[in-house]
2 protein chains.
Amino acid sequence: MSFHLTILGTGSATPVLTRHPTAHYLQIEQDGYLIDCGEGTQNQLLRYKLRITRLKYIFITHLHGDHYFGLIGLISTLNMHRRTEDLWLFGPKGLAEIITIQLKYSDTWLNFKLHFIETDTQKSYQLFENENITITTIPMIHRVECCGFLFREKPHKHKIAKEIMPSDLTIEQIKSLKDGKNVYYEDDSVKYDYKDYTIPSVKGKSYAFCSDSLYNEPIIDIIKNVDVLYHEATFLHELEARATFTCHTTAKQAGEMARKAEVGKLIIGHFSSRYKDLFPLLEEVRQEFPNSELAEDGMNFEI
Amino acid sequence: MSFHLTILGTGSATPVLTRHPTAHYLQIEQDGYLIDCGEGTQNQLLRYKLRITRLKYIFITHLHGDHYFGLIGLISTLNMHRRTEDLWLFGPKGLAEIITIQLKYSDTWLNFKLHFIETDTQKSYQLFENENITITTIPMIHRVECCGFLFREKPHKHKIAKEIMPSDLTIEQIKSLKDGKNVYYEDDSVKYDYKDYTIPSVKGKSYAFCSDSLYNEPIIDIIKNVDVLYHEATFLHELEARATFTCHTTAKQAGEMARKAEVGKLIIGHFSSRYKDLFPLLEEVRQEFPNSELAEDGMNFEI
């Protein structure tokens, strides 16, 4: 399954010209998923030629401006582009009210149905499911209600081992074997064990998005073994006190998190505007977890 | 008096990468005045090195997103920069509610006092006055409540003609002559006529900002003879029907307006995203009013 990530913004609250505020765009098969939508995100989508007609789902971690001030502009633009397909918007309490009041005063009537789904940021639960993926919330510890999101591809079907496939199988029975179910005789004894006639499926892809939060070990169980972890790393560890005070994570801590969760790859972002050169953050995180990368605006990853 | 205009955005509702949405920054003496604040305006202020600490007054013409979606981000950033000086925000009904609700959900407590002044967009009246200028509203005809703003430098004092100044004048009497008042004998007959002893003041500078509106001749009396008129010109006149339908002005109409109002210079902006090359708009407007210019992002004018 195609699972393509484009990073649209890597900055944090104070604006800098070199980094846009947070937004990640995931293209999974034909569907676009946007995670956070800082000011100017719609321009970033334009800049990187991502087709907003494919955008179906938007997930907002929390209501600090650098994570959602671009949302009302994007929704307005989708409407001007005469969108008619439904759009689903997931975020904390308050988001629906903020969007609705702005549509009201601009006398905007959407041509499409906008579904608001309020997140419960206090616990981890399955927020979303379609034929391709599930999305689970990841509670964050921040100054306002906040949660991250774990995108997980559904398990693939098993593949039939064609060269040894019995010739008397019906189409229904083949489907059962692919689904990991045995084929039975009428007396309920096993006729064909699916393990004997199929090749096990590969593990589904997974992507965890964690921003913004105090270093928070309890989420390790949730993000365990994900292919790619994006974790905020606003500060160098020398500013740990500042990170704690503002409920953020340091590069060292993000690396620790990745190591303890045994993830495949770590991407860090949400960099403080004080860092013009990000290399010290990369050095620091790699000391904890070598397979780490700095997020850059416009960077692409195939998960 | 220094009266410096920087144009921060020249686009209209549909975003394009080459033009930011509407925002004009006026620096008059030590005070910064922002007119409209489309998405990304705070980045434009950064890009053109305009010091946001000087910003004291913000004027929003109407609540379409391309004119104000950047406001909440700018206010948040001013707060992060530890501003303590008051900020005055002028705009139509709804603006205070929109800003307040977003501050509430982000749990933001401003370090500075934010004054909301609701505009009455239906009539022309003096909205603001300080020692340097007056600001008068200009009613626009648009799909939502909308008004433009006329910035007018207060009349200068008359200059004393030193070489012929009578030696018996007191300081109070000199002030009177500068204010354009005569000096009288005790029997109320004129002793010194201010016109004989002073050089008339130069006319105060003026700048009128008109966006967005249907072509609207009744405002000509308000903007008569201004030094610089900014007028929206969203479309070429071949799209007059579209302009009328969407309550916008064509380049030809903007030129007519400038000619009839006998302004010094016309700047047009708020260009539709359909125009990659703006030269046809310039040609069209100059046929009506030769001293016209196209607004460009980052352009500076000394009025």
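**Exercise 1. The loop of B:D212**

Task: In this predicted model, state where B:D212 is found in chain B, and determine which peptide bond that joins B:D212 is cis.

Solution. Begin with the secondary structure: B:D212 is found in the loop between β14 (206–210) and α6 (220–223) of chain B. Next, inspect the backbone on the side of B:S211: the bond that joins B:S211 and B:D212 is cis, with omega about -5 degrees. Then turn to chain A, where the peptide bond from A:S211 to A:D212 is cis, with omega near -5 degrees. A:D212 has its place in the loop between β14 (206–210) and α6 (220–223) of chain A. As background, most peptide bonds are trans.

**Exercise 2. Positive phi values**

Task: Locate A:E29 and B:E262, give the phi of A:E29 and of B:E262, and classify the exposure of A:E29 and of B:E262.

Solution. Take A:E29 as the starting point. A:E29 lies in the loop between β2 (23–28) and β3 (31–35) of chain A, and its phi is positive, about 55 degrees, although A:E29 is not a glycine. For the exposure, count neighbours: 14 other C-beta atoms lie within 10 Å of A:E29, so the residue is partly exposed.

Proceed to B:E262, which is placed in the loop between α8 (251–260) and β16 (265–269) of chain B. Phi of B:E262 is near 50 degrees, again a positive value in a residue other than glycine. B:E262 has 12 C-beta neighbours inside 10 Å and therefore counts as exposed, since the class of exposed residues takes in those with 12 or fewer. For reference, most residues other than glycine have a negative phi.

**Exercise 3. The surroundings of B:Q27**

Task: Describe the place of B:Q27 and name the residues that B:Q27 touches beyond four places away in sequence.

Solution. The element comes first: B:Q27 belongs to strand β2 (residues 23–28) of chain B. The neighbour count follows; with 18 C-beta neighbours inside 10 Å, B:Q27 is partly exposed. Leaving aside residues up to four places away in sequence, B:Q27 touches B:S2, B:H4, B:G32 and B:R54. Finally, consider a distance: the C-alpha atoms of B:Q27 and B:L114 are separated by 20 Å, and the two residues are 87 apart along the chain.

**Exercise 4. The relation of the two chains**

Task: Identify the kind of axis that relates chain A to chain B, and describe the side of chain A that touches chain B.

Solution. Start from the superposition: a turn of 179 degrees with a shift of 0.0 Å along the axis lays chain A on chain B with an RMSD of 0.2 Å. The relation is therefore that of a two-fold axis. The same surface serves both copies, as 100% of the contact residues of chain A recur in chain B.

Now count the contact residues: 30 residues of chain A are in contact with 30 residues of chain B. On the side of chain A, the elements giving two or more residues are α1 (41–47), α2 (71–80) and α3 (95–105). By character, the residues of this side comprise 12 nonpolar, 13 polar and five charged.

**Exercise 5. The architecture of chain A**

Task: State how many helices and strands chain A has, and which domains the assignment gives.

Solution. Chain A has nine helices and 18 strands. Its domain assignment gives domain 1 (3–156 + 202–302) and domain 2 (159–199), whose C-alpha centres lie 42 Å apart. The C-alpha atoms of chain A fill a box of roughly 70 × 50 × 35 Å along the principal axes. Of its 303 residues, 45% count as buried.

Key:
Residues numbered from 1 in each chain as written. Chains lettered and ligands numbered in written order. Predicted model: local features only at pLDDT ≥ 70, side-chain atom pairs only at ≥ 80, totals over all residues. Least-squares fit on C-alpha atoms with pLDDT ≥ 70 in both. Contact = placed C-beta atoms within 7 Å. Helix = DSSP H or I, 4+ residues; strand = E, 2+ residues; numbered from the N terminus. Nonpolar A, V, L, I, M, F, W, Y, C, P; charged D, E, K, R; others polar. Domains from an automatic or database assignment. Buried ≥ 20, exposed ≤ 12 C-beta atoms within 10 Å, placed from the backbone.
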